[in-house]
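User: I'd like to go through this model with you, a bit at a time. Can we do it as a quick round of questions?

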Amino acid sequence: MRSLRTRAALATAVVATAATLLAPGATATPSAAPDPNIPDVCQDRRPGPADPGAYGMQLDGSFRHPALTPVDEEHEHSFPGRNKTYDTHAYIKNMKVEAAYEGPDFTPDYFHTWQNIVDFGGRRYMFQYDRSEGRVYDITDVRKVKVVEKTTREDVGGDETKGNASWAPNDYWGASTVQWNKKLRAYVMVMSFEDKRQISELTDDPAHDKFHNPAGVRKLREKPGLKGFKVFRLDGPRKKDWKLLATVSTDATQKDPLKSDPNKPQQGSGSLDVPYWTGGRYMFLATAPDDTYSGTEYPTNLHSAGYQSWDMSDPVHPRLLDTWHLPGQRTGEDAAYRSNPRCGNHTSWMGARMPLFIPKPVEQGGRYAFAAMGGYGLTVLDISDPARMRTVSHLDLPPSVSGTEGDNIDVSQYERTGLVYVSGYPLTEDCYEPYKEVYQVDAKDPRHPRIVGTLPRPTPPKSAGFRDFCQRRGSFGPKRTGYYTNPGKHDAGVLGYGFYNAGVQFFDVSHPAKPAIEAYFVPKAYGPDTPDYAYGNQTHGVYVEWDRNIAWALTNHGIYALSAPKVLGKPHLTRPEKPFRTSEF
């Protein structure tokens, strides 16, 4: 998730250190930060700014990315050949815009949102939200979408510590899964409560990051709020229809996770992103259970998340089964941490960003799960006994610093081909970081996963007037392929990615040795209500209704309903044939 940036200069200029390679280094004098859970295993090797002459447009019209850069989301990084202005044209191939909805009602956040689908009374609803800002849409008729409800903290300046008509103090709409629960005969929503990633206490400026700003670290540690998840029964699509069933802390220091006090500080990260739960017995979370899960170099993030399994047989009383992490993620595991080439770079996100990616639920006989661990790489786990999660194998991913590594794993094709698709995503604009490849990983033998290819890099059409999307301005690279919560069964041989300034890109992977881009929609860079600081964050997500063959593009200026008959099949633009109940595999 990107931070809500401003175009103001940082208070202090970036301090450049030698742009050393990512090889492990010797230990050095401990960091000035007194907090015992701030990594100081390796010497400070934060990359310096990239040499402007070492990257940019090439003679053949391609773009050469810098090999190594520091975290720097706040500045532009112009290069010869970059467009002078943001591109307001749109480009499309093998797709059709069925409807477009712009403006604040359709843009809860300019940088990132989550989505869910529910069906009530013959109507289909979409949730789009990010913490305090939430929207409920009636999307039954794709061409006549209506706003049903809006939640916000606009009247209190977005301050989450303050209550208003939408929210109680410290409450918000976290990343959620919504599934039908047979026991309750109702939708149940499990909602993550996690560390906030857009913060003012720390910045990526070296003078104010977690390594050099103990006061900022202390303020974050002292903040009250739930670190964990909440469970709701949904009796309708509106917030008033939510019935709270359980409030659960993932803080391992709590005596009883079901009876924690959210008005006091809690340890760890909380539950990150969309919990993996399909309405059955077992749930899997990404979480750092306490503050010793500290092994990450990212300058504003205090926790390195592993995974937990939970028994959800009774949604009112979730029960912890097991906790898993990689060596190096916890304070004191210095030898393992030092072995990672990112140690000391004060740049890399290390640890889980999302829960386990599971091709087949355990309840249906599934055995393996795939873990995207940021700078730690890819791990395969055996979860056939959720109370005893076991490491099967590990794969180090090629370093790609800065930007987010190891964020997403698409497992939709695994049962058919044995391949999973692993990717990070860009954090900076103007391609001021290594390109984030989508790796094809052969895991037919889960004990020996190996990279066997990459998906093709999107290129603009000739009519665009530029030859590489890096020239278009803004961020360029893959985000995610949506979530397992999409209604319907994911089509075989099709992957759709949000690709920031390259819009929505659909790949044909039916022949894995020859993946190809079959369809795309690249919208304009911004709309009339988009603030200029968000111009570069253009298409941050895609959410596909596989049962109606409709793809929703989520952008910095609104949402688009897209069809692609040659890729997704004939679209169904009205009431679905059957309501969504649980995710299909």
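What follows is a chat about strands, disulfides, a pocket and some backbone oddities in this predicted model.

User: Let's start with the sheet that holds strand 17. What is the order of its three strands?
Analyst: This one is an open sheet with antiparallel pairing. Strand 17 (368–372) and strand 19 (390–395) each have a single partner strand, so they stand at the edges and one side of each is left without a neighbour in the sheet. From one strand to the next the twist averages 25°. The order is 17-18-19.

User: Which residue in strand 19 is the bridge partner of Val380?
Analyst: Strand 18 covers residues 378–382 and runs antiparallel to strand 19, with five bridges joining the two. Val380 has its bridge partner in strand 19, and that partner is Ser393.

User: On to strand 10. How many of its eight residues are buried?
Analyst: Strand 10 spans residues 186–193 and is largely enclosed by the rest of the structure. It pairs antiparallel with strand 9 (residues 176–181) through six bridges, and also antiparallel with strand 11 (residues 228–234) over seven bridges. As for burial, the count is eight of the eight.

User: Which residues of strand 10 and strand 11 stand opposite each other, if I start from Met189?
Analyst: On the strand 9 side, Trp180 stands opposite Tyr187 in strand 10. Towards strand 11, where the pairing is antiparallel over seven bridges, the residue opposite Met189 is Phe232.

User: Is Arg185 buried or exposed?
Analyst: Arg185 sits in the loop between strand 9 and strand 10, a hairpin with four residues between the strands. Its phi is near 50°, a positive value in a residue other than glycine. The relative accessibility is 67%, and the cut-off for exposed is over 50%, so Arg185 counts as exposed.

User: And Arg131, is that one buried or exposed?
Analyst: Arg131 also has a positive phi, about 60°, although it is not a glycine. Most residues other than glycine have a negative phi. Arg131 is in the loop between strand 6 (123–130) and strand 7 (133–138). With a relative accessible area of 10%, against a limit of under 20%, Arg131 is buried.

User: Where is the cis peptide bond that involves Ser402?
Analyst: Ser402 has its place in the loop between strand 19 and strand 20. Omega is about 10° for the bond in question, and the bond joins Val401 and Ser402.

User: Now the cysteines. How many residues apart in sequence are the parts tied together by Cys42 and Cys343?
Analyst: The disulfide joining Cys42 to Cys343 has an S to S distance of 2.1 Å, and both cysteines are buried. It is right-handed, with 105° about the S-S bond. Cys42 lies in the segment before strand 1 (56–57) and Cys343 in the loop between helix 2 (334–338) and strand 17, so the parts tied together are apart in sequence by 301 residues.

User: What is the handedness of the disulfide of Cys431 and Cys470?
Analyst: These two sulfurs are also joined, with S to S 2.1 Å. Cys431 lies in the loop between strand 21 (419–425) and strand 22 (438–442), and Cys470 in the loop between strand 23 (450–454) and strand 24 (494–498), so the pair ties together parts 39 residues apart in sequence. Both Cys431 and Cys470 are buried. The torsion about the S-S bond is about -95°, so this disulfide is left-handed.

User: What about the sheet of four strands: which are the edge strands?
Analyst: It's an open sheet in the order 20-21-22-23, paired antiparallel. An edge strand pairs on one side only, and that picks out strand 20 (404–410) and strand 23.

User: Last one: which element gives the most to the lining of the second largest pocket?
Analyst: This pocket holds about 580 Å³ of space and is lined by 28 residues, with Val411, Ser412, Tyr484, His490 and Phe585 lying nearest its centre. The elements giving two or more residues are strand 13 (270–277), strand 20 and helix 3 (414–417). By class, the lining has 15 nonpolar, eight polar and five charged residues. With three residues, the element that gives the most is strand 20.

Notes. Residues are numbered from 1 along each chain as its sequence is written. This is a predicted model: local features need pLDDT of at least 70, side-chain atom pairs count only at pLDDT 80 or more; totals for chains, interfaces and linings use all residues. Side-chain values use heavy atoms; hydrogens and water are left out. Two strands pair if DSSP finds at least two bridges between them. Axes are lines fitted to C-alpha atoms, for helices over the stretch in contact, and angles run from 0 to 180 degrees between N-to-C directions. Buried means under 20% relative accessible area, exposed over 50%, partly exposed in between (1.4 Å probe, protein chains only). A disulfide is a pair of cysteine sulfur atoms within 2.5 Å. On a 1 Å grid over the protein atoms alone, a cavity is a set of points where a 1.4 Å probe fits but cannot get out, and a pocket is an open set with protein on both sides within 12 Å along at least five of seven lines; lining residues have an atom within 4 Å of a point. Grid points are joined across faces, edges and corners, and a volume is the space filled by probe spheres set on the points. Ala, Val, Leu, Ile, Met, Phe, Trp, Tyr, Cys and Pro count as nonpolar, Asp, Glu, Lys and Arg as charged, and the others, Gly among them, as polar.
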